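The report below goes through a two-chain model, beginning with its strands and ending with the packing between the chains. Please read it alongside the sequence and the coordinates.

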Amino acid sequence: MIGDFIDGPLWYLSLTVFLLGVVWRLVAILRVGVAPDFSTARHGGAGGALRTLFTRSLPRRPVFTRGKVQLIAGYMFHLGLFALLFLAQPHVEFISERITGFGWVTLPHWGFILAAEVAFAGLLLLLLYRLMNPVTRLISDTGDYTASLLVFLVMLSGCLALAQAYEGLRLLHLLLAELLLIYFPFSTLMHAFTFAISRGYTGAAMARKGVNA
Amino acid sequence: MYRPVSGTAILRLLQLLIVLALVVAGNLSAQTQAEGIQLPNPGTDLWREVRQRAQPATPGPTSPMRQAPGIDLWSEVQQTNPVPAGNTQVKSVDSGMLINPVGDQWRRFRMEMLVPYGGYVLGGALLLTLAFYLIRGRVPIHAGPSDKRLLRYTVYERMIHWFIAAIFLFLALTGLTMLFGRSLLIPLLGPEAFSLLASASKEGHNLFGPLFLLALALIFFRFVRRNIYQRGDLAWLLRGGGVIGSKHVPSNFFNMGEKSMFWMLVLVGGVTALSGIILVFPILGLGRELMALSHVAHGVTAMAMMVVIVGHIYIGSIGMEGALEGMATGYCDLNWAREHHDWWAEQCEQNGEVVSVEEAAGTEGFAQGAPKHAPLGETGK
């Protein structure tokens with residue numbers, strides 16, 4: 001009964017909330033617009049925006065020397081999570097069956113496990129850093145911890161269901177993933193989408209000014 | 001994945017269920033007390049029967065065993081003599097061996113030694129800790145908490161400590177579920193719920209196991225220098241760290257007990273982690289003997305670590321006033337340091353590293369470098 005609900009209506013509800021919520025948040029940000037720039041642009045903004053979108057992913061020396069742990073753990077978590085979410089066979093099959101109708105190449109089982117190990121290590125280290133460092137603890141609020149905890153629980157329930165033999169474990173994983181989807185648009189997890197806007201805006205503004213940033 | 005089941009699959013499932021039902025029914029009536037469990041184990045009776053039938057016959061013309069036509073067959077099946085290599089299409093390690101007696105030895109060790117004695121040892125450690133607390137009580141800061149603090153652990157050090165702590169606790173819980181669940185949890189949860197829990201525990205345990213090795217490496221490289229034994233450590237050990245008697249025992253940044261725990265964690269924990277990796281990756285082409293040996297090493301060393309960690313958690317939390325503060329905030333109370341790590345505290349005071357409570361609250365171990373500690377051999381007075 002509850003399994004049918006999680007597998008059916010709640011899945012569609014959470015997906016709808018996620019999609020509408022993300023679109024609503026992005027439109028709201030874009031509608032704010034930017035202040036007019038009356039100065040003569042030294043360079044076009046588009047190239048700067050595109051360049052910054054990628055260059056900001058590369059570690060800069062001051063960042064690396066002062067924050068090795070956050071940097072390494074951050075890469076571990078994000079790359080591991082990306083691989084888990086979009087390249088793990090169970091997820092690709094799920095997305096193919098429920099959303100896209102087609103699948104794509106998946107990681108071998110050992111790759112899946114390795115990605116999970118890397119993602120878990122990164123997430124745990126980042127969460128502990130947030131808790132231990134007085135600065136990050138000061139600027140963190142309930143929403144940050146809720147998001148971290150939800151992501152952790154989704155990953156943990158997924159790893160507990162790795163045997164793919166128990167419906168109860170699969171449903172628990174799906175339920176937590178659905179809760180995460182519902183929470184996503186209203187949380188700082190939106191940075192998965194807004195980072196592109198933020199970097200693009202900064203890159204474009206700096207390019208117009210002729211600043212290499 | 002969860003695909004629609006075909007008619008053939010349903011038939012196979014029915015066949016499997018019928019066979020399982022027959023085996024379960026047959027075994028329920030022949031429960032053995034030797035294993036101290038009330039649930040059927042299909043392999044136990046079968047193997048016992050094999051052993052009985054393959055008992056070496058007593059010499060003598062009237063021995064019924066000599067007349068048993070299957071004696072030679074059963075002797076070969078049991079393979080107690082040098083193992084004859086069989087032929088099979090399956091090409092893998094041990095694939096030519098029908099029944100490996102090492103598997104039975106391992107099973108008996110697990111069921112008859114590791115489970116009961118491991119339980120006694122772990123339960124005993126918990127009871128001993130409780131008794132110690134009731135008798136000795138919480139070790140106070142005799143001079144009382146001060147308004148001064150010393151930086152004891154940086155953010156990174158506390159982070160990797162809690163990293164390994166979280167992973168260890170998860171591995172311990174899931175490991176204990178797999179080891180004792182059959183005896184303790186099935187009566188509480190029932191076999192179906194336990195089956196789900198055991199599967200989840202196994203998957204979680206296997207996935208988090210390699211992370212323990214990573215955490216262990218981080219801990220090792222960060223703390224190894226401060227855990228090298230120094231002059232003065234032996235005196236600390238001989239006087240039981242102050243537990244025996246009432247005389248104060250001086251120590252360095254880490255005392256002999258902490259250093260010994262560090263080395264136990266590194267060495268014994270290393271064996272636990274490496275044997276666990278052998279168990280997780282049977283695809284490495286290892287034989288049954290090494291797998292069984294790895295399991296024995298994994299179980300025994302993990303149990304030893306759990307016993308020691310029970311003591312570590314106790315003394316680091318409710319057992320001693322001020323002990324948790326260092327690992328929680330990065331700073332420890334000056335009076336606590338003077339009473340438990342006085343050589344280190346003395347050096348910090350000489351170096352002017354004492355800060356106020358307010359200063360400590362503002363930074364909380366934000367300093368990136370390791371806390372100053374006595375260079376080797378300079379403080380053992």
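In this predicted model, three strands of chain B form an open, antiparallel sheet whose order is β2-β1-β3. The strands β2 (331–333) and β3 (355–356) of chain B stand at the edges with a single partner strand each, so that one side of each is left without a neighbour in the sheet. Strand β1 of chain B, residues 148–151, is joined to β3(B) by two bridges and runs antiparallel to it, while three bridges, again in an antiparallel arrangement, join β1(B) to β2(B). Individual residues show how the strands line up: B:K148 has B:S356 in β3(B) as its bridge partner, and B:R149 stands opposite B:V355 in β3(B) as well as opposite B:D333 in β2(B). As background, strands of a sheet pair through backbone hydrogen bonds, and they do so either parallel or antiparallel.

Next comes a glycine of chain B. B:G326 is placed in helix α12 of chain B, which covers residues 323–329. Is B:G326 buried or exposed? It counts as buried, because 24 C-beta neighbours lie inside 10 Å, and a residue is taken as buried when that number is 20 or more. When its neighbours within four places in sequence are left aside, B:G326 is in contact with B:R152, B:Y153, B:Y331 and B:C332. By contrast with those contacts, B:A215 lies 111 residues from B:G326 in sequence and 20 Å from it in space, C-alpha to C-alpha.

The two chains can be set side by side through their overall values.

| Property | Chain A | Chain B |
|---|---|---|
| Secondary structure | 11 helices, zero strands | 15 helices, three strands |
| Residues and buried share | 213 residues, 25% buried | 381 residues, 27% buried |
| Share of contacts (separation of 6 or more) that join residues at least 24 apart | 75% | 68% |

Read along its sequence, chain A follows the pattern α-α-α-α-α-α-α-α-α-α-α, and its C-alpha trace spans about 65 × 35 × 35 Å along the principal axes.

One helix of chain A can be followed in detail. Helix α10 of chain A (residues 167–183) has 17 residues, which at 1.5 Å a residue should span 24 Å, and its end C-alpha atoms are 24 Å apart, in agreement with that expectation. Buried residues of α10(A) include A:L169, A:R170, A:L172, A:H173, A:L174, A:L175, A:L176, A:A177, A:E178 and A:L181. Which elements do the buried residues of α10(A) pack against? They pack against α1 (2–7), α2 (9–32) and α9 (142–160) of chain A, together with α8 of chain B.

The contacts between the chains involve 20 residues of chain B and 24 residues of chain A. On the side of chain B that touches chain A, α6 (155–184) and α8 (191–223) of chain B each supply at least two residues, and the largest share, nine residues, comes from α8(B). By class, this side of chain B has 14 nonpolar, three polar and three charged residues.

The nonpolar cores complete the account. The largest of them has 67 residues, of which A:A119, A:L123, A:L125, B:M159, B:F212 and B:A215 touch the most other members. At least two residues of this core are supplied by each of α5 (68–87), α7 (109–132), α9 and α10 of chain A, and likewise by each of α6, α8 and α11 (288–316) of chain B. The largest share of this core, 14 residues, comes from α7(A). With residues up to four places away in sequence not counted, A:L125 touches A:V69 and A:A73 of chain A as well as B:M159 and B:F163 of chain B. Apart from this core lies another, of 14 residues, among them B:F254, B:Y331, B:C332 and B:W336. Two of these residues, B:Y331 and B:C332, have already appeared among the contacts of B:G326.

How values were computed. Residues are numbered from 1 along each chain as its sequence is written. Chains are lettered from A and ligands numbered from 1 in the order in which they are written. This is a predicted model: local features need pLDDT of at least 70, side-chain atom pairs count only at pLDDT 80 or more; totals for chains, interfaces and linings use all residues. Two residues are in contact if their C-beta atoms, placed from the backbone, lie within 7 Å. Helices (H or I, at least four residues) and strands (E, at least two) are DSSP runs, numbered from the N terminus. Ala, Val, Leu, Ile, Met, Phe, Trp, Tyr, Cys and Pro count as nonpolar, Asp, Glu, Lys and Arg as charged, and the others, Gly among them, as polar. A residue is buried if 20 or more other C-beta atoms lie within 10 Å of its own, exposed if 12 or fewer, and partly exposed in between; C-beta atoms are placed from the backbone. Two strands pair if DSSP finds at least two bridges between them. The expected span of a helix is 1.5 Å times one less than its number of residues. A nonpolar core is a set of buried Ala, Val, Leu, Ile, Met, Phe, Trp, Tyr and Cys residues joined through C-beta atoms within 7 Å.
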